[in-house]
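Q: Can we go through one model together? I have some short questions about a helix and the charged pairs.

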Amino acid sequence: MRRPRDTLTGRLVLLGVLTALVSVLAVGVVGVGLVRSSAQSQAQQSLADEADLIARLLSRVTIDTDQLAAAVAELERRDVSAYVLGPADTVPETLPLDVLAQGVESGSAGGANADPPTFVEVRRLAPQQVLVLETPVGTAINTYAGPVLA
């Protein structure tokens, strides 16, 4: 009795199945990479938007404490640390100084290649004062990619 793989039809079916499995695996690997890359971009943009919002709230003549408290509560929920630093303040040990130096005026710094992997947003509030938002890359990416990859 001949086994199915010994016939031309059996070999073609086996080749088709193997091709489909390799294709599904390749699409899965590429898809995970794309989701992770997109999540990283979304996380950095979200942190930038939050930094802009809090900087605007802090720069008002009259600060709306309810709005500020709600914004800070949302940051804490998402594991984002917020600091307002002046020239006499010591920089918290959790902030990566090399990453902070990249965005010292205003802007984004850090990312997956920073040591430690951290997203940092810096906004100048006054000539001698900056707002710094910082969150671990893994936490930020999981916020966006977690539901897709789960």
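What follows is a chat about helix H2, the loop after it and the salt bridges.

Q: What kind of model is this, and what pLDDT do local features need?
A: It is a predicted model; local features need pLDDT of at least 70, side-chain atom pairs count only at pLDDT 80 or more, and totals for chains, interfaces and linings use all residues. Residues are numbered from 1 along each chain as its sequence is written, and side-chain values use heavy atoms, with hydrogens and water left out.

Q: Ok, H2. How many residues, and what does it reach from first C-alpha to last?
A: H2 runs over residues 65-77, which is 13 residues, and reaches 18 Å. That is close to the 18 Å expected at 1.5 Å a residue. The expected span is 1.5 Å times one less than the number of residues. Helices (H or I, at least four residues) and strands (E, at least two) are DSSP runs, numbered from the N terminus.

Q: Which residues in H2 are buried?
A: Leu68, Ala71 and Leu75. Buried means under 20% relative accessible area, exposed over 50%, and partly exposed in between (1.4 Å probe, protein chains only).

Q: Why are Leu68, Ala71 and Leu75 on the same side of H2?
A: Leu68, Ala71 and Leu75 cover an arc of only 65° around the axis, so they sit on the same side of H2. The arc is that of the directions from the helix axis to the C-beta atoms.

Q: And which are exposed on the other side?
A: Thr65, Asp66, Glu76 and Arg77.

Q: What covers the buried residues of H2?
A: The cover includes helix H1 (8-59), strand S1 (81-85) and strand S4 (129-136).

Q: Moving on. Where is aspartate 79, and what is its phi?
A: Aspartate 79 is in the loop between H2 and S1. Its phi is near 60°, a positive value in a residue other than glycine. Most residues other than glycine have a negative phi.

Q: Is aspartate 79 buried, exposed or partly exposed?
A: Partly exposed, with a relative accessible area of 40%.

Q: Salt bridges next. How many in the whole structure?
A: A search finds 4. A salt bridge here is a side-chain nitrogen of Lys or Arg within 4 Å of a carboxyl oxygen of Asp or Glu.

Q: Which residue pairs with arginine 78?
A: Glutamate 50, with the closest N and O atoms 2.0 Å apart. Arginine 78 lies in the loop between H2 and S1 and glutamate 50 in helix H1, so the pair ties together parts that are 28 residues apart in sequence.

Q: Are arginine 78 and glutamate 50 buried or exposed?
A: Both are buried; for glutamate 50 the relative accessible area is 14%.

Q: What else does glutamate 50 touch?
A: Leaving out residues up to four places away in sequence, glutamate 50 touches Leu75, Arg78, Val80 and Leu133. Contact means heavy atoms within 4.5 Å.

Q: Which salt bridge does arginine 77 make?
A: The side chain of arginine 77 meets that of glutamate 74 at 2.7 Å, N to O. Being 3 residues apart in helix H2, the two are separated by about one helical turn. Arginine 77 is exposed at 61% relative accessible area, and glutamate 74 is partly exposed at 31%.

Q: What about glutamate 121 and arginine 123?
A: Their side chains meet in a salt bridge of 2.8 Å, N to O. Salt bridges that share partners join Asp52, Glu121 and Arg123 into one network. Glutamate 121 is buried at 0% relative accessible area, and arginine 123 is buried at 11%.
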